[in-house]
Amino acid sequence: MSEPLVRRLAIIGVGLIGGSLARALRVAGGVGEIVGCGRDEGQLVRAVELGIIDRYSTDPAEAVGGADGVVIGTPVGAMESILEAIRPHLADGAIITDVGSTKGSVVAAAHRVFGSRCPPGFVPGHPIAGTERNGVEASFAELFQRRRVILTPLPESDAGATAAVRAMWEKTGAVVETMTPQHHDEVFAATSHLPHLLAYSLVNTLATLDEKVEIFRYAAGGFRDFTRIASSNPRMWHDISLANRDALLKVMDRFEGDLHQMRQAIEAGDGDYLLEVFTRAKEARDCFVDKAEE
Ligand SMILES: NC(=O)C1=CN([C@@H]2O[C@H](COP(=O)(O)OP(=O)(O)OC[C@H]3O[C@@H](n4cnc5c(N)ncnc54)[C@H](O)[C@@H]3O)[C@@H](O)[C@H]2O)C=CC1
Ligand SMILES: O=C(O)C(=O)Cc1ccc(O)cc1
């Protein structure tokens, strides 16, 4: 039998993403033992029952002992304290990665913990795949198939470590790309973080209107499509919004300006402006959907 990619993988945060990664690697046969870690012991017991992990510890320091691979799968706001807790216990040469939706904040946290040079095995990552659900029960092995995973290696990251993290994700069926943390955060502020904030904000507005029961009763399919992501985990999005502050504020300012212009066009009865915006947006989205289905 060939050597597994990772002999012992510690996953800290066995929820939707950590659990799906463990399931996918189990199916692909890329890993020997999987040790889970988290704060919620009930979730970890469930993960063992489901066969997703082999064993668990609620102590991150203990969980990473002897692990040649470590994946941090918690909300981004928890990552600094986890890196701090595991730092003295990491095995020599261990590969360390994460799945956080923001990358600049994770890199900054790692520098605060490790100093100006992070360990050569540290290669931050972000799978561009998920759902509005959370917790280990929501995890599934196919989540990453044909989806992108972005890696943001640091100048000091070892090429072999980057290759190992890439190989791990490719085992799950994902397509791996690399970029800088800053570019990552700008792209995902626009395509993921802003849409989540808009969905939360719209549903909040409607939920606090006096006539809200009436409004939700008559909401149609478009409302459901647009607002699915407002059912996402509030704590996770709290962390992302604060962690990607600068890029998010920039794209929010741009969006506020465009929305204001649309308001003015409606007020002025400027149908040409509306048709121009709607047509350009439809073309852009149709093109994006066609490409995504290729
Ligand atoms: N939900 C999604 O669609 C996606 C999420 N992500 C990122 O993946 C990460 C995890 O998200 P999900 O799996 O959706 O969340 P989740 O809520 O399903 O799982 C997070 C897990 O981390 C554990 N946890 C939380 N704080 C902890 C701490 N201080 N110490 C140890 N364990 C802790 C929780 O008990 C839970 O088991 C986040 O950083 C998120 O930004 C990335 C891509 C998609
Ligand atoms: O539910 C959806 O459609 C998502 O967009 C999931 C998601 C959430 C956060 C990410 O960083 C990446 C993907």
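The points below concern a predicted model of a protein chain with ligands.

1. Confidence. The protein chain has an average pLDDT of 96, and 99% of its residues score at least 70. Within the chain, strand S6 has the highest confidence, at a mean of 99, whereas helix H8 (residues 212–217) has the lowest, at a mean of 76. For the complex, the predictor reports an ipTM of 0.99 and a pTM of 0.97.

2. Annotated domain. An unreviewed UniProt entry lists residues 7–294 as "domain: Prephenate/arogenate dehydrogenase". In the model, this stretch is 54% helix and 12% strand. The C-alpha atoms at its two ends lie 36 Å apart.

3. Helix H7. This helix covers residues 181–207 and is bent by about 50° at Ala 189. Ala 189 also belongs to the buried residues of H7, together with Pro 181, His 184, Asp 185, Phe 188, His 193 and Leu 197.

4. Cover over H7. Several elements contribute to covering the buried residues of H7, including three helices: H5 (104–114), H10 (234–243) and H11 (245–268). Strands S6 (125–127) and S7 (148–151) are also included in this cover. Of these, S6 is the element with the highest confidence in the chain.

5. Surroundings of ligand 2. Which residues surround ligand 2? The shell consists of Ser 101, Ile 128, Gly 130, Thr 131, Glu 132, Ser 192 and Ile 229. By character, four of the shell residues are polar, two are nonpolar and one is charged.

Key:
Residues are numbered from 1 along each chain as its sequence is written. Chains are lettered from A and ligands numbered from 1 in the order in which they are written. This is a predicted model: local features need pLDDT of at least 70, side-chain atom pairs count only at pLDDT 80 or more; totals for chains, interfaces and linings use all residues. A residue is near a molecule or strand if its C-beta atom, placed from the backbone, lies within 6 Å of it. Ala, Val, Leu, Ile, Met, Phe, Trp, Tyr, Cys and Pro count as nonpolar, Asp, Glu, Lys and Arg as charged, and the others, Gly among them, as polar. UniProt positions are given in the numbering used here, feature names are shortened, and annotations may be inferred rather than shown by experiment. Helices (H or I, at least four residues) and strands (E, at least two) are DSSP runs, numbered from the N terminus. The bend at a residue is the angle between axes fitted to the seven residues ending there and the seven starting there. A residue is buried if 20 or more other C-beta atoms lie within 10 Å of its own, exposed if 12 or fewer, and partly exposed in between; C-beta atoms are placed from the backbone. Two residues are in contact if their C-beta atoms, placed from the backbone, lie within 7 Å. pLDDT is the predictor's confidence in each residue, from 0 to 100.
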